[in-house]
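Student: I'd like to talk through the charged pairs and the nonpolar packing in this one. Can we go through it step by step?

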Amino acid sequence: MIDERNIVRYVSWRDLFPWLLILRTFRIAIAPSLLALASVATLLVPVGDFAAGWLFLPKVETEGFWRVQYPAPRAVNYLRLPDAAREYLPSALNGVTETYQELVEPAERLFHLDLTIRETAYYLFRLLWTLAVWAFFGGAITRLAVVRLATEDSPPLLGSLRFAARRYLWYLLAPLYPLLGIVLLALPVALLGLVLWLPEGIGAVVVGLAWIFVLVASLAAAWLVGGLIFGWPLMWPAISAERDGDPFDAFSRSFSYVYGRPLHYFFYVVLAALFGALCLAVLQGAAHLVTEFGFWALSWGAGENAEILRRNVAILQAGGMQEFSGPRAAWIGAAILAWVLSLVRLVATGYTFSFFWTTFSAIYLLLRLDRDEQEIDEVYLEAVTDSPPIGTPPPQSPPAETAPAAVTVPSEPPPLGP
């Protein structure tokens, strides 16, 4: 007789392999609410980059137009992922590594040695603008993601926006904490650099004698830079998931997870990049099909005119307005079509940021489970009050039951006579 008590009837794969949580990120990242938030943010960030160029960089007049002279790219890798770590990541586009590089690019530029004052102001403005934009939209995306990952319920978009607005200053300040510490450590070294102006090489002797203190400051700065490079994507999920999530809590948790569980963190990032490469390939294939199917079907009736229209749209999308030849009406039609197709490209770009923040929300929950032994579903949920709409009359309470009136029973009349 078979003992049914020893038969395994159900296996909880999520309990055995918690990292399977990362495989749920694609479904969450393509939600319309997250795509909309990421797409709006990707539109706003270039506005600040454009404004920074016109405010701080020199301009030259060419062919009757004023053009900004942007700084030439320089090779520096202070805030970029180390090459040894990148060897384990897929070389294909995956929505993790290239999105990371794009977000840290303004901060990474500030670490050049030969920056001018104009260039420093330009990159600093870009950094603050990028933080200001993504502090709100990234905060809302991570809030939506952590609640969805923890509860499998879809939180309301308006509630997540309100949550991000209330904690906006915390999202903004969290990545600035380690940057501020690096600046404070650099200031005494900068003051020491003034000694090099002393004549006869005396300044070099003083700097050499004091270099042991520079090494101590450099060790502390290296600890901050290392935690910042790997830990800043975990800060906003920490604020979104915890009841008391503030900048200091996000800073301490992210650094604790980076230095306390480095191999776990690295495994999760590699897995997310591999999964992201597959998901991004599917999304790009779908976007290409959506774009090309229309021209293919149009060519059935338009013939070679469809290819001419497609070529004109490509010219306008590449910014070659001077190369466009044809009647004005054809230019207007191609411009409208180019604008419509740009929306498809915008959504595809917004997906990479949505996937990035959703993925690191999942990685944060996994690292918190490893380090602090907090279950994945332990996410702060705000109480929902079901208040009636404005203008709704208050409910009428049922009339109170009244006690029955006392019935007076007449007493018997007194007998007549003696």
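Student: Which residue forms a salt bridge with E242?
Tutor: Keep in mind that this is a predicted model. The closest N and O atoms of the pair are 2.8 Å apart, inside the 4 Å cut-off for a salt bridge. E242 sits in the loop between α10 and α11, and the other residue sits in helix α14, 126 residues apart in sequence. The partner of E242 is R368.

Student: Is R368 buried or exposed?
Tutor: Buried means under 20% relative accessible area. E242 comes in at 8%, so E242 counts as buried. R368 has 0% relative accessibility, so R368 also counts as buried.

Student: How many salt bridges does the structure hold?
Tutor: The E242 and R368 pair is one of them. D49 and R126 also meet through their side chains, at 3.2 Å from N to O. The structure holds eight salt bridges.

Student: Why does the D49 and R126 pair tie together parts that are apart in sequence?
Tutor: Look at where the two ends sit: D49 belongs to helix α3 (residues 32–56) and R126 to helix α6, so the pair bridges parts of the chain. At 17% relative accessibility D49 is under the 20% cut-off, so D49 counts as buried. R126, at 11%, counts as buried too. The separation in sequence that this pair spans is 77 residues.

Student: Which residue in helix α5 pairs with R126?
Tutor: This salt bridge has an N to O distance of 2.5 Å. The residue in helix α5 (residues 97–109) is 21 residues apart from R126, and both members of the pair are buried. R126 and its partner also belong to a network of salt bridges that links D49, E105, E108, R109 and R126. The partner in helix α5 is E105.

Student: Now the nonpolar side. Which helix gives the most to the largest nonpolar core?
Tutor: That core has 78 residues, and those with the most contacts inside it are W134, W232, L234, W236 and I363. One helix supplies 13 residues, the most of any. Covering residues 117–151, it is helix α6.

Student: What is I363 in contact with, leaving aside its neighbours within four places in sequence?
Tutor: I363 is among the residues with the most contacts inside the largest core. Contact here means heavy atoms within 4.5 Å. With the sequence neighbours set aside, the list for I363 is I22, L234, Y265, Y268, V269 and A272.

Conventions:
Residues are numbered from 1 along each chain as its sequence is written. This is a predicted model: local features need pLDDT of at least 70, side-chain atom pairs count only at pLDDT 80 or more; totals for chains, interfaces and linings use all residues. Side-chain values use heavy atoms; hydrogens and water are left out. A nonpolar core is a set of buried Ala, Val, Leu, Ile, Met, Phe, Trp, Tyr and Cys residues joined through side-chain atoms within 4.5 Å. Buried means under 20% relative accessible area, exposed over 50%, partly exposed in between (1.4 Å probe, protein chains only). Helices (H or I, at least four residues) and strands (E, at least two) are DSSP runs, numbered from the N terminus.
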